[in-house]
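Biologist: Could you take me through one part of this structure slowly, as you would for someone in their first year? I would like to begin with a single side chain and its surroundings, and then see how other parts are put together.

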Amino acid sequence: DKPFGACLHMDHISMKHGSTAAQTAKFALMQLDEKTKFAMRTPSHTKSADTIIDAVHRFEGTEMVIRRWWTDSAPEFKAAARRVRSLRPLVHYTSTPHRPQSNAIIERFNRTSEDGTRCLLLRSGFPDTWWPNAMGLWITCWTVKMLHPDGQTAWMMRFGTQPPFQIYPFGALILYKPPGKKENKDKSQPCLKAADFYRHRP
């Protein structure tokens, strides 16, 4: 049996109200598979059952194997769990209110993700409005680069293969050839243009 899907931990990260970061997205739904540590984030402007259910479907893909959730007691998680439970088996564990220790797995992952996101933004020179992109790349690095004690990554533990894409530094300076009609340039002018590369598309 595949280890993925035994228990999904979820929580929201919130941007400070009125901040420039919140202009891009106010929240990020954080998802972490307990066994494989496969992770994903979903930025949004609202906390809702619809957003959670959509994110869970994208997280588990066509496998539809997740049967346990572990979250805090927020009403949007409870509402989402009730709707999913009406369609398929689901056990929903909730942490003790005002006791972060009872939700420690995702809380620790949130802090690590926030640190990684800040680091990518700092090194790239991009403003904090780019935080959803930076966090997305950091979590991808976590998933495909971080090794478990047995020497496997989260991606390998879930899919059994190496990822079919490359990862480039967030905000890396690249040279590219523009598509379309060839520009009428002087022979001494370069054919390539410079740009900042900020996002991969697996």
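**A close look at Tyr-168**

Modeller: Happy to! If we set aside neighbours within four places in sequence, Tyr-168 is in contact with Leu-137 and Phe-197. Please keep in mind that this is a predicted model. To find Tyr-168, look in the loop between helix 6 and strand 6, which covers residues 172-176. The side chain of Tyr-168 also makes a polar contact, at 2.8 Å, with the side chain of Gln-166. Is Tyr-168 buried or exposed? It falls in between: Tyr-168 counts as partly exposed because its relative accessibility is 40%, and the partly exposed class lies between 20% and 50%. For a sense of scale, compare the position of Tyr-168 with that of Ser-48: the two are 120 residues apart in sequence, and their C-alpha atoms are 33 Å apart in space.

Now let us move to the nonpolar interior. In soluble globular proteins, nonpolar side chains tend to be buried together. Here, the largest nonpolar core has 24 residues, and Leu-8, Met-10, Ile-52, Phe-59 and Trp-69 are those with the most contacts inside it. Strand 1 (8-14), helix 2 (49-60), helix 3 (75-85) and helix 6 (154-159) each supply at least two residues of this core. Helix 2 gives the most to this core, namely six residues. Met-10 is a good residue to click on: leaving out residues up to four places away in sequence, Met-10 touches a list of residues including Leu-29, Ile-52, Val-56, Trp-69, Phe-77 and Ile-106. Apart from this largest core lies another one, of 19 residues, with Ile-106, Leu-121, Phe-126 and Trp-131 among them.

Trp-69 leads us on to the strands. The bridge partner of Trp-69 in strand 5 is His-92. Strand 4 (residues 68-71) and strand 5 (residues 91-94) pair in the parallel sense, over four bridges. Add helix 3, and you have a right-handed β-α-β unit made of strand 4, helix 3 and strand 5.

Finally, let us turn to charged side chains. How many salt bridges does a search of the whole structure find? It finds four, and three of them are worth visiting here. Arg-83 forms one with Asp-50, where the closest N and O atoms are 2.8 Å apart. This pair links distant parts of the chain, with Arg-83 in helix 3 and Asp-50 in helix 2, 33 residues apart. Arg-83 itself is partly exposed, at 42% relative accessibility.

Another salt bridge stays within helix 2: Asp-54 and Arg-58 are four residues apart there, so they are separated by about one helical turn. Their closest N and O atoms are 3.3 Å apart. Asp-54 is partly exposed, with a relative accessible area of 42%, and Arg-58 is also partly exposed, at 44%.

The side chains of Arg-88 and Glu-60 meet in a salt bridge too, at 2.9 Å from N to O. This pair again links distant parts of the chain: Arg-88 is in the loop between helix 3 and strand 5, Glu-60 is in helix 2, and they are 28 residues apart. Arg-88 counts as buried because its relative accessible area is 12%, which is under the 20% cut-off. Glu-60 is buried as well, with a relative accessible area of 0%.

Definitions and conventions
Residues are numbered from 1 along each chain as its sequence is written. This is a predicted model: local features need pLDDT of at least 70, side-chain atom pairs count only at pLDDT 80 or more; totals for chains, interfaces and linings use all residues. Side-chain values use heavy atoms; hydrogens and water are left out. A nonpolar core is a set of buried Ala, Val, Leu, Ile, Met, Phe, Trp, Tyr and Cys residues joined through side-chain atoms within 4.5 Å. Buried means under 20% relative accessible area, exposed over 50%, partly exposed in between (1.4 Å probe, protein chains only). Contact means heavy atoms within 4.5 Å. Two strands pair if DSSP finds at least two bridges between them. A crossover is right-handed if, with the strands pointing away from the viewer, the path from the first strand over the helix to the second runs clockwise. A polar contact is a pair of N or O atoms within 3.5 Å; within protein, one must be able to donate a hydrogen and the other to accept it, and residues adjacent in sequence count only if both atoms are side-chain atoms.
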